[in-house]
Amino acid sequence: MAYTAVLVALGAFLMTLFGGWVAQRVTDRRHLVLGLAGGLMLGVVGLDLLPEALEAADSEVFGVPAALLLFVGGFLAAHVGEHLLAGRHAAHGGEEGERIPEVGLTAASAMVGHSLMDGIALGAAFQVGGGMGVAVALAVIAHDFADGFNTYTLTSLYGNARRKALAMLFADAAAPVVGAASTLFFTLPAELLGCYLGFFGGVLLYLAAAEILPEAHHDHPARSTLLCTVAGAGFIWLVVGIAAE
């Protein structure tokens with residue numbers, strides 16, 4: 001069954017590339033792209049990552065679920081990391097408020113790590129049984145469109161060259177295949193996977209709330225931008241609902 005997971009991961013590969021292609025094609029409506037990306041990220045965190053993290057990592061640390069504790073830790077780590085990079089950037093002559101390319105690359109790398117975990121989760125689900133594997137496969141393939149869209153958007157938003165954005169997009173697309181193939185040799189403990197998802201959710205929420213959405217509404221506080229944000233979150237809700245059927 002693990003070989004089936006690798007074949008399914010190839011579908012996720014194509015869906016991720018399609019998401020990145022869409023993000024490139026609508027650059028003349030940048031505020032709409034960012035609004036949609038923010039909504040997609042919000043939906044992925046609140047409706048997909050956190051529920052999965054809480055289910056997988058059911059232990060508590062001083063009365064708080066470990067996944068939620070790491071969620072807060074991820075948010076704070078992203079906040080502190082961005083400010084440290086900003087300080088280093090300013091010390092080397094950068095202007096205050098200028099976009100820092102390293103932040104975009106770091107965020108995109110986190111997306112690649114998430115997609116790798118998607119592949120591992122996919123392989124693990126097929127090890128459990130066909131029904132579980134199909135359910136996880138639907139969820140992974142459907143939301144990998146959002147992953148590709150967000151990976152390209154995050155990388156390019158922070159001033160990285162198009163070739164770097166494309167390189168991160170291809171890395172994100174290949175990650176589920178690598179993750180699924182790795183389950184031919186080992187299985188990741190559910191507790192560890194849940195903790196990672198919690199931490200990554202915090203990072204992603206910080207980027208959406210502190211960077212993506214403010215940028216989307218800064219120059220174009222239009223109703224259409226807000227509708228794109230709501231549509232992005234609604235799309236993830238639809239994906240999660242279909243996968244749960």
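A residue counts as buried when its relative accessible area is under 20%, as exposed when that figure is over 50%, and as partly exposed in between. With that yardstick in hand, the predicted model can be read ring by ring, starting with Phe-145. Its relative accessible area comes out at 14%, so Phe-145 is buried.

Phe-145 has aromatic company. Together with Phe-18, Trp-21, Phe-149 and Phe-235, Phe-145 makes up one aromatic cluster. Across the model, the count of aromatic pairs comes to five. In one of these pairs, the ring centres of Phe-18 and Phe-145 sit 5.6 Å apart with their planes at 45°, so the pair is tilted. This pairing ties together distant parts of the chain, since Phe-18 belongs to helix H1 and Phe-145 to helix H5, 127 residues apart. How buried or exposed is Phe-18? At a relative accessible area of 41%, Phe-18 is partly exposed.

The ring of Phe-145 also pairs with that of Phe-235, this time edge-to-face, with 6.2 Å from centre to centre and 70° between the planes. Distant parts of the chain are linked here too: Phe-145 is in helix H5, while Phe-235 is in helix H8 (residues 223-244), 90 residues apart. Phe-235 has a relative accessible area of 29%, so this residue falls in the partly exposed class.

Further along helix H5 come two polar residues. Asn-150 lies in this helix, which covers residues 130-157, and Asn-150 is buried, because its relative accessible area is just 2%. Which residues does Asn-150 touch, once neighbours within four places in sequence are set aside? The contacts are Ala-37, Leu-40, Met-41 and Met-111. The C-alpha atom of Asn-150 is also 9.6 Å from that of Ala-107, a residue 43 places away along the chain.

Thr-151 is in helix H5 as well, and with 0% relative accessibility Thr-151 counts as buried. What does the side chain of Thr-151 reach at 2.7 Å? The partner is the backbone oxygen of Asp-147. A polar contact also joins the side chain of Thr-151 to the side chain of Asp-172, at 3.2 Å. Leaving out neighbours within four places in sequence, Thr-151 is in contact with Ala-108, Met-111, Met-168, Leu-169 and Asp-172.

Next comes the nonpolar interior. In soluble globular proteins, nonpolar side chains tend to be buried together. In this model, the largest nonpolar core has 45 residues, and those with the most contacts inside it are Met-41, Leu-49, Phe-149, Leu-154, Leu-204, Leu-207 and Ile-212. The elements that give this core two or more residues are helices H1 (2-25), H2 (30-56), H3 (66-91), H4 (101-128), H5, H6 (162-182) and H7 (190-218). Which helix gives the most? That is H7, with eleven residues.

Leu-204 shows what a well-connected core residue looks like here. Apart from neighbours within four places in sequence, Leu-204 is in contact with Met-41, Val-44, Val-45, Leu-49 and Met-111. There is also a second, separate core of nine residues, including Ala-5, Val-6, Ala-137 and Ala-180.

Terms used
Residues numbered from 1 in each chain as written. Predicted model: local features only at pLDDT ≥ 70, side-chain atom pairs only at ≥ 80, totals over all residues. Heavy atoms only, no water. Helix = DSSP H or I, 4+ residues; strand = E, 2+ residues; numbered from the N terminus. Buried < 20%, exposed > 50% of the residue type's maximum accessible area, 1.4 Å probe, protein only. Contact = heavy atoms within 4.5 Å. Polar contact = N/O pair within 3.5 Å; in protein donor to acceptor, adjacent residues only side chain to side chain. Core = buried A, V, L, I, M, F, W, Y, C linked by side-chain atoms within 4.5 Å. Phe/Tyr/Trp six-rings, centres within 6.5 Å; stacked < 30°, edge-to-face > 60°.
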